[in-house]
Protein chains: 2
Amino acid sequence: MTTDGIGMPRPPSYDREYALGRAVSLFWKKGYHGSSMKQIEQALDMRPGSIYATFGSKDGLYSEALTRYAEAGGAELAEHMAGYDSVIEGLQDYLRRIAQGCTRKGVAPSRACLIVKTLLESSNTHAGLSEQAQAILGAIEQSFSELLEQAREYGELKESVDPGRLARLLQSQIMGLRSIAERNLPDAELEDLGDDMARILDAYRAD
Amino acid sequence: MTTDGIGMPRPPSYDREYALGRAVSLFWKKGYHGSSMKQIEQALDMRPGSIYATFGSKDGLYSEALTRYAEAGGAELAEHMAGYDSVIEGLQDYLRRIAQGCTRKGVAPSRACLIVKTLLESSNTHAGLSEQAQAILGAIEQSFSELLEQAREYGELKESVDPGRLARLLQSQIMGLRSIAERNLPDAELEDLGDDMARILDAYRAD
DNA sequence: TCCGTTCTTGAATCATTACTCAACAACACT
DNA sequence: AGTGTTGTTGAGTAATGATTCAAGAACGGA
C-alpha cells in the first residue's frame with residue numbers, strides 16, 4: 001500500500017497527540033455542548049477542514065479525547081499502585097491523593113471526572129457517548145475488582161468480601177468525591193472527606 | 001396598587017406549577033444545553049412569548065425549575081425522616097431507598113441528581129447556575145448536619161463524630177450512588193451498593 | 001524544476017439557537 | 001355591549017451551531 005516511488009505526500013504539520021491533549025482539556029472543562037467548534041479550533045490551533053479530516057466530526061474528536069483521558073487515568077492508577085505492597089493501603093492513599101488533587105486549584109481543567117461528566121451530560125441525549133462512558137466505567141470497575149481479588153487472595157481482606165461489590169463501592173466513592181469537589185469546599189474539608197472515604201475500606205480488612 | 005375598578009385583566013390560562021413540573025422533567029432528563037426552546041415549548045405546551053413573559057429567559061426557567069426540584073427533594077427527606085425515631089436508621093434507609101428508586105425504571109426522568117448534573121454541566125460555563133447549585137448543596141449539607149447533630153445529642157453517635165464532616169460524607173455517598181446508577185447496573189447490584197453505603201454509617205454509631 | 005500527492009485553509013452553507021414583538025383574544029368590570 | 005388591561009400567539013430575527021469544499025500550499029521523488 002506504499003506509493004510507488006512517485007509523489008510523496010505532504011506530512012501533517014500538526015501534532016495529533018498534542019491536539020488531542022488540548023481537546024481533552026477543553027471538553028473536560030466545558031463539556032460537550034459547552035465546547036463550540038470555534039473554541040475547539042482555537043484550542044487545537046487547527047482550522048475546521050483539518051479537524052474534520054483528522055477526527056471526522058465533533059463526536060469523533062470527543063470520543064477520542066474521552067478514550068485518551070481514560071487511558072491516562074488507567075496508567076496513573078497502575079503507576080500509583082505499583083508503589084504499594086498492600087493493595088488496600090494503595091487504594092486508601094489513592095482516595096486521599098484524589099482529594100489532594102482536587103485541592104491544587106487551576107492545575108486540572110475541572111475537578112470532576114470527565115467520564116462522569118460525559119455520562120451525566122449524554123445519558124438521555126447522546127447514546128453513543130453514553131455507551132462509551134459506561135464501557136469505560138465498567139473497565140475501571142473491573143480493574144478495581146481484580147486488585148481487590150488479589151488483595152483477598154493475599155489475605156488482606158475478610159473472606160466474606162465480594163471484590164466486585166466493593167469495587168463498585170470504591171468507584172462510587174471516587175465519583176462522589178470528585179463531584180462534590182466542584183462545590184469549592186475548603187481544602188481541609190476535602191482532604192478530610194478523602195480520608196473518611198479511605199477509612200471506609202478499613203471495615204473490609206482482615207483483622 | 002390595585003386596578004381602580006376598571007378593566008380587570010385576563011387570567012393566565014396555563015398552570016404555572018404544572019409548567020414548572022414539566023420543565024423539571026425535561027431539564028432533569030436532557031440537561032440545560034440538551035433542552036432546546038423548541039422542546040421546552042412542547043413540554044410546557046406554551047408558546048415562546050408566554051414562556052418569556054412568565055419566566056424571563058431560558059436561564060430563569062431553569063433556575064426556577066432547579067429551585068422547585070430542590071424544594072421537592074427537601075420535603076421528601078423531611079417526610080422520610082419523620083417516620084423514624086433513630087436518625088441514623090432513617091438515613092440508612094434513605095440511602096437504601098434512593099438505590100431502590102434508581103431501580104424502578106422509567107419513573108424518574110433520570111437517575112442522577114439534577115443538582116449534581118447542573119453543577120457538573122455549568123461549573124466552567126454558567127456561573128449563575130453553578131452558584132445556585134452550590135448554594136442548594138450547601139443547604140442540603142446543612143440539613144444533614146443538623147440531623148446528625150441531633151443524633152449525637154441523643155447519644156446515637158460517638159462523641160468524636162464531627163456532624164458537618166459526616167454530613168459531607170453522606171452527601172458524597174448520594175452523589176456517587178445516583179451518578180453510578182446512570183451506568184445501568186443490574187438492580188441487585190445497585191441495591192447492594194445502597195446497602196453498603198448505609199452500613200458505612202454503622203462505624204459512626206455509639207456502641 | 002516540475003510533478004503528484006496530501007494537508008491546510010477559510011469563506012460559505014444550512015440548520016438550529018435563544019429570543020422579540022405586533023397583532024389578536026379573553027376576561028372583569030361598568 | 002363597551003372598555004381597559006393583560007395573556008397568548010407564532011412568524012420573524014439575528015446570532016451561532018456544526019460542517020463542507022474548492023482552491024492553494026508544502027513536501028519527496030524524478
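**Exercise 1. Order of elements in chain A**

Task: State the order of the elements of chain A from the N terminus on.

Solution. In this predicted model, the elements of chain A run α-α-α-α-α-α-α-α-α from the N terminus on. The count is 9 helices and 0 strands. The C-alpha trace of chain A spans about 70 × 45 × 35 Å along its principal axes. Chain A has 207 residues, of which 41% count as buried. Take next the contacts in chain A between residues at least 6 apart in sequence: 67% of them join residues at least 24 apart.

**Exercise 2. The buried side of α5(A)**

Task: Find which residues of α5(A) are buried and where they lie around the axis.

Solution. Step one is the helix itself. Helix α5 of chain A covers residues 87-103, which is 17 residues. From its first C-alpha to its last it reaches 24 Å, close to the 24 Å expected at 1.5 Å a residue.

Step two is the list. Buried in α5(A) are V87(A), I88(A), L91(A), Q92(A), Y94(A), L95(A), I98(A), A99(A) and C102(A). These residues cover an arc of only 150° around the axis, so they are on the same side of α5(A). As background, an α-helix has 3.6 residues a turn, so residues three or four places apart point the same way.

Step three is the cover. The elements over the buried residues of α5(A) include α4 (58-81), α7 (127-153), α8 (163-180) and α9 (187-200) of chain A.

**Exercise 3. The surroundings of α6(A)**

Task: Determine how many residues of helix α6 (residues 114-122) of chain A are buried, and what covers them.

Solution. In α6(A), 9 of the 9 residues are buried, so this helix is largely enclosed by the rest of the structure. The buried residues are L114(A), I115(A), V116(A), K117(A), T118(A), L119(A), L120(A), E121(A) and S122(A). The cover includes α1 (16-30), α4, α7 and α8 of chain A. It also includes α6 and α8 of chain B.

**Exercise 4. The side of chain B that touches chain A**

Task: Describe the side of chain B that touches chain A by elements and by residue class.

Solution. Start with the count: 37 residues of chain B are in contact with 37 residues of chain A. The elements of chain B that give two or more residues to this side are α1 (16-30), α6 (114-122), α7 (127-153), α8 (163-180) and α9 (187-200). α8(B) gives the most, with 11 residues. By class, this side of chain B holds 12 nonpolar, 14 polar and 11 charged residues.

**Exercise 5. Packing of α4(B) on α7(B)**

Task: Classify the packing of helix α4 (residues 58-81) of chain B and α7(B) from their angle.

Solution. The two helices pack at an angle of about 10°, with their axes 11 Å apart. Angles under 35 degrees count as roughly parallel. α4(B) and α7(B) are therefore roughly parallel to each other. On the α4(B) side, the contact is made by D59(B), Y62(B), S63(B), L66(B), A70(B), G74(B), L77(B) and M81(B). On the α7(B) side, G128(B), L129(B), Q132(B), I136(B), S143(B) and L147(B) take part. Sorted by class, the contact has 8 nonpolar, 5 polar and 1 charged residues.

**Exercise 6. Two residues with positive phi**

Task: Locate D45(A) and N184(B), and decide whether each is exposed or partly exposed.

Solution. D45(A) is not a glycine, although its phi is positive, about 50°. It lies in the loop between α2 (37-44) and α3 (48-55) of chain A. D45(A) has 12 C-beta neighbours inside 10 Å, so it counts as exposed.

N184(B) is likewise not a glycine and has a positive phi of about 65°. Its place is the loop between α8 and α9 of chain B. N184(B) has 14 other C-beta atoms within 10 Å and is therefore partly exposed.

**Exercise 7. Two buried helix residues**

Task: For V24(A) and L44(B), give the helix and the residues touched, leaving out those up to four places away in sequence.

Solution. V24(A) is in helix α1 of chain A. With 21 C-beta neighbours inside 10 Å, V24(A) counts as buried. V24(A) touches A65(A), R68(A) and Y69(A). The C-alpha atoms of V24(A) and Y62(A), 38 residues apart along the chain, are separated by 7.8 Å.

L44(B) belongs to helix α2 (residues 37-44) of chain B. L44(B) has 22 C-beta neighbours inside 10 Å and so counts as buried. L44(B) touches A19(B), R22(B), A23(B) and I51(B). Between the C-alpha atoms of L44(B) and G73(B), 29 residues apart along the chain, the separation is 22 Å.

Methods:
Residues are numbered from 1 along each chain as its sequence is written. Chains are lettered from A and ligands numbered from 1 in the order in which they are written. This is a predicted model: local features need pLDDT of at least 70, side-chain atom pairs count only at pLDDT 80 or more; totals for chains, interfaces and linings use all residues. Two residues are in contact if their C-beta atoms, placed from the backbone, lie within 7 Å. Ala, Val, Leu, Ile, Met, Phe, Trp, Tyr, Cys and Pro count as nonpolar, Asp, Glu, Lys and Arg as charged, and the others, Gly among them, as polar. Axes are lines fitted to C-alpha atoms, for helices over the stretch in contact, and angles run from 0 to 180 degrees between N-to-C directions. Angles under 35 degrees count as roughly parallel, over 145 as roughly antiparallel, 65 to 115 as roughly perpendicular and the rest as oblique. The expected span of a helix is 1.5 Å times one less than its number of residues. A residue is buried if 20 or more other C-beta atoms lie within 10 Å of its own, exposed if 12 or fewer, and partly exposed in between; C-beta atoms are placed from the backbone. The arc is that of the directions from the helix axis to the C-beta atoms.
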